[in-house]
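Biologist: Could you take me through this protein one feature at a time, giving the reasoning behind each answer?

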Amino acid sequence: MEKVKKPLKETRQVSDILDMSSLKWRIEADGLELLVQGFKEKKILGRKCHKCGSVYVPGLSFCRKCFITIEDVVEVSKKGKIACYTASLADVRGNPVENITVSVQVNLDGSDSWLMGHLEIDDWKKVYVGMPAEVVLREETNGTLADMVCFRPI
Ligand SMILES: [Zn+2]
């Protein structure tokens with residue numbers, strides 16, 4: 001892999017153990033359903049706000065900026081740029097792990113939100129905010145979240 005440049009000066013590193021067990025995330029089932037339906041046809045589908053033009057992937061049922069219901073389905077690119085990432089260097093007890101994994105949030109081209117996934121990369125130190133990456137889908141998709149294998153750098 002070629003030497004990568006870090007385009008942004010502002011990055012934050014958190015060197016601590018975070019207890020995530022009390023946090024809750026709310027994901028609209030409708031948006032996930034649309035996403036996995038798109039996987040069947042090897043597409044990434046989201047929703048576009050007809051008022052402000054914001055595109056959400058997974059596709060929310062309402063625009064977070066305009067607070068209106070949105071229904072327009074749009075296809076976005078499988079390629080985008082890493083917006084943020086986390087390298088798991090230790091387990092929940094703080095013990096170093098042998099196989100370091102990298103979770104990423106990727107802003108896919110054509111969308112205004114981030115899609116989360118695992119980044120397949122040999123060295124987490126090569127990852128940077130702004131790094132181009134693409135969605136990798138299984139060869140045969142059947143409309144489940146498992147169809148999305150990972151992101152890979154491009
Ligand atoms: Zn809007």
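The exchange below goes from the overall make-up to the helix, the strands and a few single residues.

Modeller: Before we begin, please note that this is a predicted model, in which local features need pLDDT of at least 70 and side-chain atom pairs count only at pLDDT 80 or more, while totals for chains, interfaces and linings use all residues. Residues are numbered from 1 along each chain as its sequence is written.

Biologist: In what order do the elements of the protein run from the N terminus on?

Modeller: Helices (H or I, at least four residues) and strands (E, at least two) are taken as DSSP runs and numbered from the N terminus. On that basis the protein has one helix and eight strands. Read from the N terminus on, the order is α-β-β-β-β-β-β-β-β.

Biologist: What share of the residues of the protein count as buried?

Modeller: A residue is called buried if 20 or more other C-beta atoms lie within 10 Å of its own, exposed if 12 or fewer, and partly exposed in between, with the C-beta atoms placed from the backbone. Applied to the 154 residues of the protein, this gives a buried share of 24%.

Biologist: How far apart are the end C-alpha atoms of helix α1?

Modeller: Helix α1 covers residues 29-40, which is twelve residues. The expected span of a helix is 1.5 Å times one less than its number of residues, so α1 should span 16 Å. The value in the model agrees with that expectation, the end C-alpha atoms being 17 Å apart.

Biologist: Which residues of α1 are buried, and what covers them?

Modeller: The buried residues of α1 are Leu 34, Leu 35, Gly 38 and Phe 39. They cover an arc of only 145 degrees around the axis (taken from the directions from the helix axis to the C-beta atoms), and therefore lie on the same side of α1. Contact here means that the C-beta atoms of two residues, placed from the backbone, lie within 7 Å. What covers these buried residues includes β1 (44-48), β3 (72-76), β7 (132-137) and β8 (148-153).

Biologist: Which strands stand at the edges of the open sheet of three strands?

Modeller: Two strands are said to pair if DSSP finds at least two bridges between them. The open sheet has the order β2-β1-β3, with antiparallel pairing. Because each edge strand has a single partner strand, one side of each is left without a neighbour in the sheet, and the strands in this position are β2 and β3.

Biologist: What angle does the direction of α1 make with that of β1?

Modeller: Axes are lines fitted to C-alpha atoms, for helices over the stretch in contact, and angles run from 0 to 180 degrees between N-to-C directions. Helix α1 packs on the sheet, touching β1 and β3, and its direction makes an angle with that of β1 of about 140 degrees.

Biologist: How many bridges join β4 to β5, and how many join β5 to β6?

Modeller: Strands β4 (residues 79-90) and β5 (residues 96-108) form a hairpin with five residues between them, and one of their bridges links Gly 80 to Leu 108. In the hairpin of β5 and β6, six residues lie between the strands, and Val 102 has Leu 119 in β6 as its bridge partner. Both pairs run antiparallel, β4 with β5 over nine bridges and β5 with β6 (residues 115-119) over five.

Biologist: Is Val 57 buried or exposed?

Modeller: Val 57 is found in the loop between β2 (55-56) and β3. Beyond residues up to four places away in sequence, Val 57 touches several residues, including Leu 35, Ile 44, Val 76 and Leu 108. With 26 other C-beta atoms within 10 Å, Val 57 is buried.

Biologist: Which peptide bond is cis, with omega near -5 degrees?

Modeller: Most residues other than glycine have a negative phi, and most peptide bonds are trans. The cis bond leads into Pro 58, which lies in the loop between β2 and β3, and it is the bond from Val 57 to Pro 58.

Biologist: Are Lys 42 and Phe 67 exposed or partly exposed?

Modeller: Lys 42, in the loop between α1 and β1, has a positive phi of about 60 degrees although it is not a glycine. Phe 67, in the loop between β2 and β3, has a positive phi near 55 degrees. With 14 C-beta neighbours inside 10 Å, Lys 42 counts as partly exposed, whereas Phe 67, with 8 other C-beta atoms within 10 Å, is exposed.
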